[in-house]
Amino acid sequence: MNEHPMNFYKTLGRIEGGMASVGAGVCLLAMIVITVISVVGRYVLQQDILPGAYNLIERVAFPLIVFWAVPMAHREATFPRFDTVVLALPPRLRRAVQVFVGLVELAVYAVVMWYVLRFTWKGILDDRTMQIGADFWPIWPVLVMMPLAFLLMMLEMLRLVWCGLRGERGDPPSSGSDNVSAAF
């Protein structure tokens, strides 16, 4: 029975690893290529080879990098933490504080998630677009990545709260590179 939650957790890790390494990596590569082509066009050929390149980077590639990488960064606990005081507490009190902080964090993210979902849904219903060069592209593919990222982070928070309530540490079972290689 314990096998199913671990499989679910590993599956989430593969999804997050794929989003962070493949998705964000491709976006980063695209940003570099678009920038180089734009600079060469502007300063060497004296013309705009990729109209709307800045908008494409600013409104598509960069947000996708962020929203695809944040869930994995949260899972891997690479965000800065102020845990000096908590680590000095006795184990039972430390777990209680960690569960409390996890619940507060989960509540804050739930509120943010609510507003992100409303914003995303309104953008889809309004058929919101962005201007890239002379064309207008739909923004919904970028918008749906925001609630997905918050959902993945909230699932990780729930797991950490559950581990805290059970008295487990809640460390990731393996590094992100393991998850990514297992996914692809």
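Among contacts in the protein chain that join residues at least 6 apart in sequence, 75% link residues at least 24 apart. This is a predicted model, and its protein chain holds seven helices and two strands. Reading from the N terminus, the order of elements is α-α-α-α-β-β-α-α-α. Of the 184 residues in the protein chain, 35% are buried. Here is a tour of the core, the surface and the charged pairs.

**The nonpolar core**
- In soluble globular proteins, nonpolar side chains tend to be buried together.
- The largest nonpolar core here counts 31 residues, and the elements that contribute two or more residues to this core are helix 1, helix 2 (53-75), helix 4, strand 1 (129-132), helix 5 and helix 6.
- Cys27, Leu64, Phe67, Trp68, Tyr109 and Phe150 are the residues with the most contacts inside this core.
- Leaving out residues up to four places away in sequence, Cys27 touches Ala61, Leu64, Ile65 and Trp68.

**Helix 4**
- Does the length of helix 4 look extended or as expected? Helix 4 (residues 91-125) has 35 residues, which at 1.5 Å a residue should span 51 Å, and its end C-alpha atoms are 49 Å apart, which agrees.
- The buried residues of helix 4 are Val99, Gly102, Leu106, Tyr109, Met113, Val116, Thr120 and Gly123.
- These buried residues of helix 4 pack against helix 5 (140-143) and helix 6.
- Tyr109 appears both among the buried residues of helix 4 and among the residues with the most contacts inside the largest nonpolar core.
- After helix 4 comes Asp127, which has a positive phi, near 55°.

**The surface**
- The protein chain has an accessible surface of about 11800 Å², and 69% of this surface belongs to carbon and sulfur atoms.
- Leu28, Leu29, Ile32, Val33, Val36, Ile37, Val39, Val40, Tyr43, Val44, Leu45 and Ile49 make a nonpolar surface patch of about 1100 Å².
- Leu28, one of the patch residues, sits in helix 1 (residues 3-44) and is partly exposed, with a relative accessible area of 45%.

**Salt bridges**
- How many salt bridges does a search of the whole structure find? The search finds four salt bridges, including the three described below.
- Glu16 and Arg75 form a salt bridge, with 2.4 Å between the closest N and O atoms. Because Glu16 lies in helix 1 and Arg75 in helix 2, the pair ties together parts that are 59 residues apart in sequence.
- Glu16 counts as buried at 1% relative accessibility, and Arg75 counts as buried at 3%.
- Glu156 and Arg159 also meet through their side chains in a salt bridge (2.9 Å, N to O). They are three residues apart in helix 6, so about one helical turn separates them.
- Arg159 is buried, with a relative accessible area of 16%.
- Arg59 and Glu58 have side chains that meet in a salt bridge (3.9 Å, N to O). Arg59 is partly exposed, with a relative accessible area of 37%, and Glu58 counts as partly exposed at 37% relative accessibility.

**A look at Glu156**
- Is Glu156, which lies in helix 6 (residues 145-166), buried or exposed? Glu156 is buried, with a relative accessible area of 3%.
- Apart from neighbours within four places in sequence, Glu156 is in contact with Tyr9, His74 and Arg75.
- Arg75 thus appears twice in this briefing: as a contact of Glu156 and as the salt-bridge partner of Glu16.

Notes
Residues are numbered from 1 along each chain as its sequence is written. This is a predicted model: local features need pLDDT of at least 70, side-chain atom pairs count only at pLDDT 80 or more; totals for chains, interfaces and linings use all residues. Side-chain values use heavy atoms; hydrogens and water are left out. Helices (H or I, at least four residues) and strands (E, at least two) are DSSP runs, numbered from the N terminus. Buried means under 20% relative accessible area, exposed over 50%, partly exposed in between (1.4 Å probe, protein chains only). Contact means heavy atoms within 4.5 Å. Accessible areas come from the Shrake-Rupley method with a 1.4 Å probe; for residues, only the protein chains shown count as cover. Patches are made of residues with over 30% relative accessible area and no salt bridge: like charges are joined within 9 Å, nonpolar side chains (Val, Leu, Ile, Met, Phe, Trp, Tyr) within 5 Å. The expected span of a helix is 1.5 Å times one less than its number of residues. A nonpolar core is a set of buried Ala, Val, Leu, Ile, Met, Phe, Trp, Tyr and Cys residues joined through side-chain atoms within 4.5 Å.
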